[in-house]
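Here is a short walk through a single protein chain, written for someone seeing it for the first time. Have a look at the picture, then read on.

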Amino acid sequence: MNGEFDLLLSGAGHAHLGVLRQWSTGQRPKGRIALISEGPYAWYSGMLPGLLAGRYSPEQCRVPLEGLCASTEVVLLQGRLVGLEPASSSLELADGRRFSASWLSLNLG
């Protein structure tokens, strides 16, 4: 096992980004929390039409996760989720790292 957490947030979808933003105001729950994301950015799909129309640059349409996680004391784990093991309350990333948690939230898109 590469790490144990109270809460794992898997995916940087709209719901998890909203939770992280709320926590940045000081409402973060106690415990060890991590966000699993395939990359260092989350794309904001609501801006896709403006991106395609040339109104926004790609940099304006993505949320940098490192700073957001740091501001909320959430560990950013970069990797792709490939397996869940309910019996051991654990999950596995594509690179072989394994993590366990008391709670898991999936928000992949």
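A residue is called buried when its relative accessible area is under 20%, exposed when it is over 50%, and partly exposed in between. Glu92, with a relative accessible area of 27%, is therefore partly exposed. Keep in mind that this is a predicted model.

**The overall layout**

Let's start with the big picture. The protein holds 3 helices and 8 strands, and along the sequence they come in the order β-α-β-β-α-β-α-β-β-β-β. Its C-alpha trace spans about 45 × 30 × 15 Å along the principal axes. Of the 109 residues, 35% count as buried. The protein exposes about 6500 Å², and carbon and sulfur atoms supply 52% of that area. Take the contacts between residues at least 6 apart in sequence: 65% of them join residues at least 24 apart.

**What sits inside**

In soluble globular proteins, nonpolar side chains tend to be buried together. Which residues have the most contacts inside the largest nonpolar core here? They are Leu9, Leu17, Leu20, Trp23, Leu35 and Val74, in a core of 14 residues. The elements giving two or more residues to this core are β1 (4–10), α1 (14–27), β2 (33–37) and α3 (65–71). Another core lies apart from it, with 9 residues, among them Phe5, Ala34, Ile36 and Leu93.

Leu17 is a good one to zoom in on. Setting aside neighbours within four places in sequence, Leu17 is in contact with Ala12, Ala42, Val63, Leu65 and Leu68.

Ser10 is worth a visit too. This serine sits in strand β1 and counts as buried, at 2% relative accessibility. Not counting residues up to four places away in sequence, Ser10 touches His16, Ile36, Leu81, Leu104, Ser105, Leu106, Asn107 and Leu108.

**A nonpolar patch outside**

Some nonpolar residues show up on the surface instead. Leu84, Leu104, Leu106 and Leu108 make a nonpolar surface patch of about 400 Å². Leu106 belongs to strand β8 (residues 98–106), and with a relative accessible area of 47% it is partly exposed.

**Two cysteines, but how many disulfides?**

A disulfide is a covalent bond between the sulfur atoms of two cysteines. So how many disulfides are counted here? The count is 0. To qualify, a pair of cysteine sulfur atoms must be within 2.5 Å. The sulfur of Cys61 has its closest cysteine sulfur in Cys69, 20 Å away, so the two are too far apart for a bond. As for surroundings, Cys61 is buried, with a relative accessible area of 3%, and Cys69 is buried as well, with 1%.

**Charged pairs**

Side chains of opposite charge can pair when their charged atoms come close. The count here comes to 3 salt bridges, listed below with the distance between the closest N and O atoms.

| Salt bridge | N to O distance |
|---|---|
| Glu85 and Arg98 | 2.6 Å |
| Arg98 and Glu92 | 3.3 Å |
| Arg97 and Asp95 | 2.8 Å |

Through shared partners, salt bridges join Glu85, Glu92 and Arg98 into one network. What do Glu85 and Arg98 tie together? Glu85 lies in strand β6 and Arg98 in strand β8, so this pair links parts that are 13 residues apart in sequence.

How open are these charged residues? Glu85 is partly exposed, with a relative accessible area of 34%, and Arg98 also counts as partly exposed, at 22%. In the Arg97 and Asp95 pair, Arg97 is partly exposed with a relative accessible area of 23%, whereas Asp95 counts as exposed at 52%.

**Two unusual backbone angles**

Most residues other than glycine have a negative phi, and most peptide bonds are trans. Which way does the phi of Glu73 go, positive or negative? Glu73 has a positive phi of about 55°, although it is not a glycine. This residue sits in the loop between α3 and β5 (75–78) and is exposed, with a relative accessible area of 64%.

Ser89 also has a positive phi, of about 50°, and is not a glycine either. Ser89 is found in the loop between β6 (81–85) and β7 (90–93), where it is partly exposed, with a relative accessible area of 42%.

Definitions and conventions
Residues are numbered from 1 along each chain as its sequence is written. This is a predicted model: local features need pLDDT of at least 70, side-chain atom pairs count only at pLDDT 80 or more; totals for chains, interfaces and linings use all residues. Side-chain values use heavy atoms; hydrogens and water are left out. Buried means under 20% relative accessible area, exposed over 50%, partly exposed in between (1.4 Å probe, protein chains only). A nonpolar core is a set of buried Ala, Val, Leu, Ile, Met, Phe, Trp, Tyr and Cys residues joined through side-chain atoms within 4.5 Å. Helices (H or I, at least four residues) and strands (E, at least two) are DSSP runs, numbered from the N terminus. Contact means heavy atoms within 4.5 Å. Patches are made of residues with over 30% relative accessible area and no salt bridge: like charges are joined within 9 Å, nonpolar side chains (Val, Leu, Ile, Met, Phe, Trp, Tyr) within 5 Å. Accessible areas come from the Shrake-Rupley method with a 1.4 Å probe; for residues, only the protein chains shown count as cover. A salt bridge is a side-chain nitrogen of Lys or Arg within 4 Å of a carboxyl oxygen of Asp or Glu.
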